[in-house]
Amino acid sequence: MDSGLGIVQAAFTVAGFAGTLVLLGPWMAVTVLLAAVPALLAELAFSRRRAEMVTRTGQATRWEVFYSDLLTNGQVVKELRLYGAGPYLWRWMAGEIRTIQTASRRINRREGPSRAGSRSSAPSWPAACFCGRRALPRRAC
């Protein structure tokens, strides 16, 4: 129910934004639409890669959940200590976690440079100079 209302709310927001842009100038609406296309394509590619990574590491993730449940169950922990199997299971679980984290880091490294532009603080230093604040040395303003 909430997701359906969220979709409707997002549709109204986008329609209102688009209507405002068309009223301000049809060329502005076209410009904004064309500027959004590369970002949309990049986000689709990122989502596809991340879904593939989740599919590849699904078994390792299931093993990680199994081991974490196993190592937090009091009765099982007693048996693991009794038989000395704790270090073996810990190494095995650490290997699964390493597999998941390696795949996640690989995806994050590929996405990082592409997403850095949206998180850049480049516009902040001209604004700071314009407002009279000295966020950077004087020669940068």
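Is E111 counted as buried or exposed? In this predicted model, E111 counts as buried, at 7% relative accessibility, a value that falls under the 20% cut-off for that class. The residue belongs to helix α5, which spans residues 86-115.

The side chain of E111 is engaged with that of R50 through a polar contact of 3.4 Å. The pair also qualifies as a salt bridge, with the closest N and O atoms 3.4 Å apart, a separation within the 4 Å limit applied to such pairs. Side chains of opposite charge can pair when their charged atoms come close. The structure holds one salt bridge. Because E111 lies in helix α5 and R50 in helix α2, the pair ties together parts that are 61 residues apart in sequence. The two partners fall into separate accessibility classes: E111 is buried, whereas R50 counts as partly exposed, with a relative accessibility of 27%.

Helix α2, which covers residues 26-56, contributes several further features. The helix comprises 31 residues, and the distance from its first C-alpha to its last is 45 Å, close to the 45 Å expected at 1.5 Å a residue. A bend of about 25° is nevertheless found in α2 at V37, and a proline, P38, follows within four residues. The buried residues of this helix are A29, F46 and M53.

V37, the site of the bend in α2, also takes part in a nonpolar surface patch, which V37 makes together with L40, L41 and L44. The area of this patch is about 360 Å². An α-helix has 3.6 residues a turn, so residues three or four places apart point the same way. Within the patch, L44 is a residue of helix α2 and is partly exposed, its relative accessible area being 44%. This value is over the 30% required of patch members. Helix α2 therefore carries the partly exposed L44 as well as the buried residues A29, F46 and M53.

Local features were also identified at both ends of helix α4, which is formed by residues 74-83. At the N-terminal end, N73 acts as a cap, with a side-chain oxygen placed 3.2 Å from the backbone nitrogen of Q75. This distance is within the 3.5 Å limit for a polar contact. Just after α4, G84 adopts a positive phi of about 70°.

How values were computed:
Residues are numbered from 1 along each chain as its sequence is written. This is a predicted model: local features need pLDDT of at least 70, side-chain atom pairs count only at pLDDT 80 or more; totals for chains, interfaces and linings use all residues. Side-chain values use heavy atoms; hydrogens and water are left out. A polar contact is a pair of N or O atoms within 3.5 Å; within protein, one must be able to donate a hydrogen and the other to accept it, and residues adjacent in sequence count only if both atoms are side-chain atoms. Helices (H or I, at least four residues) and strands (E, at least two) are DSSP runs, numbered from the N terminus. Patches are made of residues with over 30% relative accessible area and no salt bridge: like charges are joined within 9 Å, nonpolar side chains (Val, Leu, Ile, Met, Phe, Trp, Tyr) within 5 Å. Accessible areas come from the Shrake-Rupley method with a 1.4 Å probe; for residues, only the protein chains shown count as cover. A salt bridge is a side-chain nitrogen of Lys or Arg within 4 Å of a carboxyl oxygen of Asp or Glu. Buried means under 20% relative accessible area, exposed over 50%, partly exposed in between (1.4 Å probe, protein chains only). The expected span of a helix is 1.5 Å times one less than its number of residues. The bend at a residue is the angle between axes fitted to the seven residues ending there and the seven starting there.
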